[in-house]
Amino acid sequence: MPDTPLTPAVHAEQDGPADLGGCRNATVIGAGVIGTSWAALFLAHGLHVTVTDPRADAEEQVRAGVEEITPTLAALGLPTDGLTGRLRFEPDLAAAVADADLVQENGPERLGVKQEIWRTVEQAAPAHALFATSTSGVPATAIAEALEQPERLVVGHPFNPPHLVPLVEVVPGQRTSPETVERACALYTALGKKPQVLRKEIPGFVANRLQSALFREAVHLVAEGVVTEAELDAIVTDSIGLRWAVAGPFQTFHLGGGPGGLPHFLAHLGTAMAAGWPHLGRPAFDEPTVALLSQQAQDAFGAEPVAGLAARRDRAQIALLNALREDRGETA
Ligand SMILES: NC(=O)c1ccc[n+]([C@@H]2O[C@H](COP(=O)([O-])OP(=O)(O)OC[C@H]3O[C@@H](n4cnc5c(N)ncnc54)[C@H](O)[C@@H]3O)[C@@H](O)[C@H]2O)c1
């Protein structure tokens, strides 16, 4: 990705992180799950972070959240000394973005609220600031209808939690400029993320659509009594989950085709696979299905508190990420 400086002359200060193209100050709008995670990651990369949120307990929550995330950042090889020394809180949105080089918005998932936020940001932020929204589903095109400079806004959709999972889906709206997309990709890459630019705006973007397609079939198989939740999860983690961390669905089937690759795979097995597509499940979250899923989740996972399960999952995820990074010769 091109390493376009955010502010070639003005903000390339000596004390700004050397590898972030002049980005020194990040403003995180919305201090919930995603905002807290982004804030922690930005701090670990040396940025000065201003958090803004109308909630009275935002500062307390974010400080606690950053503390909780810090061991994960350390395990990923990121520096964690003095993180909160560069963290400040500013409830007034306009004041919070006044010095921003990057604005990452993580407010409520409602078009009207996001438009209101971005209208204020556009008026108050420096002209060079990069505008990114973490939205999981509101298109940048729709949010930018409220803006005078729609070319400045792009979706930077992380996969939760952003401080750990590499993917960021970069989704330009109809009027987002190519320069904004390039700058977003350069910055996310410098922050250790793996940005992927979508070529079209589509509801749900890509990762969540894929997750949803698989989960629909998972719900169907459990609701039909083919397997339990625990059995289905073991099937996934012992097969496609393990494989997909290394080679995605297309490369997997390319390899499945032997020397003839994907063309051979499709000729050999594609027709039979497609013949099964109309028979895939179409479950609903009706009352009996929700009751069944809830009971099985309790049976399979309920013996251990969620926080403990999440900590174990994160430890294993970090070990896997570090192993993959080593295999690819990458550094933190
Ligand atoms: N949770 C996820 O898994 C996930 C993943 C990727 C993207 N996202 C997206 O990230 C965004 C935030 O999601 P979340 O899960 O962190 O939500 P959340 O409910 O945890 O946090 C939202 C925060 O926004 C604050 N807020 C409300 N009005 C505001 C305003 N006017 N200005 C600033 N802040 C305001 C709230 O007080 C709250 O702290 C959403 O757009 C969501 O779609 C969520």
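1. Ala-247 is found in a loop of this predicted model, namely the loop that lies between helix α9 (240-244) and helix α10 (249-256). Ala-247 counts as exposed because it has 12 C-beta neighbours inside 10 Å, and a residue is classed as exposed if 12 or fewer lie within that distance.

2. The contacts of Ala-247 also deserve a remark. When its neighbours within four places in sequence are left aside, Ala-247 is in contact with Thr-252 and Leu-255.

3. Strand β2, which spans residues 48-52, is mostly covered, with 5 of its 5 residues buried. His-48, Thr-50 and Thr-52 point one way from the strand, whereas Val-49 and Val-51 point the other way. The residues on both sides of β2 are buried.

4. One pairing partner of β2 is strand β1 (residues 25-29). These two strands run in the parallel sense and are joined over 5 bridges. Within this pairing, Ile-29 has Thr-52 of β2 as its bridge partner. The connection between the strands involves helix α1 (residues 33-44): β1, α1 and β2 together form a right-handed β-α-β unit.

5. Strand β3 (residues 87-89) also pairs with β2, again in the parallel sense, over 3 bridges. Here Val-49 stands opposite Leu-87 of β3. Helix α2 (residues 58-75) completes a right-handed β-α-β unit with β2 and β3.

6. To draw these points together, β2 takes part in a β-α-β unit with β1 and α1 and in a β-α-β unit with α2 and β3. The student may trace both units in the model, beginning from the buried residues of β2.

Key: Residues are numbered from 1 along each chain as its sequence is written. This is a predicted model: local features need pLDDT of at least 70, side-chain atom pairs count only at pLDDT 80 or more; totals for chains, interfaces and linings use all residues. A residue is buried if 20 or more other C-beta atoms lie within 10 Å of its own, exposed if 12 or fewer, and partly exposed in between; C-beta atoms are placed from the backbone. Helices (H or I, at least four residues) and strands (E, at least two) are DSSP runs, numbered from the N terminus. Two strands pair if DSSP finds at least two bridges between them. A crossover is right-handed if, with the strands pointing away from the viewer, the path from the first strand over the helix to the second runs clockwise. Two residues are in contact if their C-beta atoms, placed from the backbone, lie within 7 Å.
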